[in-house]
Every structure is written in C-alpha cells, then in structure tokens.
Amino acid sequence: MIKAAGVDEVTDSTFDAEVREAGLPVLVEFTADWCPPCRQIAPVLSALAVELADRLKIVQLDVDMNPETTAKYGVLSMPTLMVFRAGEPVKAMVGARPRRRLLQELEDVL
C-alpha cells in the first residue's frame, strides 16, 4: 500500500473501532499498491491529516488486503475517498484530486 505519512492504516478487523466509532468525521482512502492516482493523492492526504487533525481523522485501507470492508461499501475504483460521520458513510469521491478541490468537497462534512 502507498503509505501517506501521518495517516493511520485501518483493516477489516479495526475498521469499526477506528472509523465507525470515531468521535470525529473520518475520511477513508481505499487504496492499493498498483494505483498510480493513489501515489498522487498521498502527499495531499498527509498535509490535510496535519492541517485538519482537530476536525477530521484521515485513514487508509488497502483494498487488496481488506476485501470485506471494500466489498461492504461497494468500492470498485481506486482511490475512493469516503467520509464517515456517526458511523455512516455520508460522502464518496473517486479519483485523485488537488488539495484545494478536496478541501472544497469536504466543506459540507467538516
């Protein structure tokens, strides 16, 4: 998996505790080693993890190693960015995007 610095990894077994039971909204990046756009967005996620730490938790899930969660949420394309609030998905975005655009798309969930 392409690891974004400062972004925790979640798995099928830790997903509920780390994402669904989190006190903050959580942005989950569904990612894979073989995904070039995932490499592009990694530095953006690293920067936002620091910048928005008090308002948003950002985590990554390797789709190849965690098929249960990937299938449960119908993720077919990488990267898929899914925002969870109060344990439920409230927004999904597919594909890499620049920092400015991602921030604009997250405004309504922060």
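**Surface, fold and selected residues of a predicted model**

The accessible surface of the chain amounts to about 5500 Å², and 52% of this surface belongs to carbon and sulfur atoms. The structure described here is a predicted model, and every value reported below was computed from it. Of the 110 residues of the chain, 47% count as buried. With regard to charge, the chain carries 12 positive and 17 negative charges, whose mean positions lie 8 Å apart.

Four helices and five strands make up the secondary structure of the chain, and, read from the N terminus on, these elements follow the order β-α-β-α-β-α-β-β-α. The radius of gyration is 12 Å, close to the 13 Å that the globule rule gives for 110 residues, so the chain is as compact as a globular protein of that length. Taken along the principal axes, the box filled by the C-alpha atoms of the chain has dimensions of roughly 30 × 30 × 20 Å. Among the contacts between residues at least 6 apart in sequence, 71% join residues that are at least 24 apart.

A search of the whole structure finds one disulfide, which is formed by Cys35 and Cys38, with their sulfur atoms 2.2 Å apart. In general terms, a disulfide is a covalent bond between the sulfur atoms of two cysteines. The torsion about the S-S bond of Cys35 and Cys38 is about 85°, so this disulfide is right-handed. Both partners are shielded: Cys35 is buried, with a relative accessible area of 2%, and Cys38 is likewise buried, with a relative accessible area of 1%. Pro36, by contrast, is exposed at a relative accessible area of 51%, and this proline belongs to helix α2, which spans residues 36-51.

Pro36 also provides a link to a second proline, since the C-alpha atoms of Pro36 and Pro79 are separated by 9.1 Å, with their positions 43 residues apart along the chain. Pro79 lies in the loop between α3 (67-72) and β4 (80-85), and a cis peptide bond, with omega at about -10°, joins Met78 to Pro79. A further backbone feature concerns Ala86, which has a positive phi of about 55° although it is not a glycine. Most residues other than glycine have a negative phi, and most peptide bonds are trans. Ala86 is found in the loop between β4 and β5 (88-94), where this alanine counts as exposed at 71% relative accessibility.

Met78 appears again in the surroundings of Ala32, a residue of the loop between β2 (26-31) and α2. Ala32 is buried, with a relative accessible area of 0%. When neighbours within four places in sequence are left aside, the contacts of Ala32 are Ile2, Cys38, Val63, Asp64 and Met78; this set includes Cys38, one of the two cysteines of the disulfide. Between Ala32 and Asp62, which are 30 residues apart in sequence, the distance in space is 5.4 Å from C-alpha to C-alpha.

Asp62 serves as a reference point for Val10 as well, because the two residues, although 52 apart in sequence, are 8.0 Å apart in space, C-alpha to C-alpha. Val10 is placed in strand β1, which covers residues 8-10, and Val10 is buried, with a relative accessible area of 1%. Apart from neighbours within four places in sequence, Val10 is in contact with Phe15, Glu18, Val19, Val59, Gln60, Leu61 and Asn66.

Ala22 is situated in the loop between α1 (15-20) and β2. Not counting residues up to four places away in sequence, Ala22 touches Ala17 and Lys57. The C-alpha atoms of Ala22 and Ala4 are separated by 20 Å, and these two alanines are 18 residues apart along the chain.

Conventions. Residues are numbered from 1 along each chain as its sequence is written. This is a predicted model: local features need pLDDT of at least 70, side-chain atom pairs count only at pLDDT 80 or more; totals for chains, interfaces and linings use all residues. Side-chain values use heavy atoms; hydrogens and water are left out. Helices (H or I, at least four residues) and strands (E, at least two) are DSSP runs, numbered from the N terminus. The radius of gyration is taken over C-alpha atoms; the globule rule is 2.2 Å times the number of residues to the power 0.38. Buried means under 20% relative accessible area, exposed over 50%, partly exposed in between (1.4 Å probe, protein chains only). Contact means heavy atoms within 4.5 Å. Accessible areas come from the Shrake-Rupley method with a 1.4 Å probe; for residues, only the protein chains shown count as cover. Lys and Arg count as positive and Asp and Glu as negative; His and the chain ends are not counted. The place of a charge is taken as NZ of Lys, CZ of Arg, CG of Asp or CD of Glu. A disulfide is a pair of cysteine sulfur atoms within 2.5 Å.
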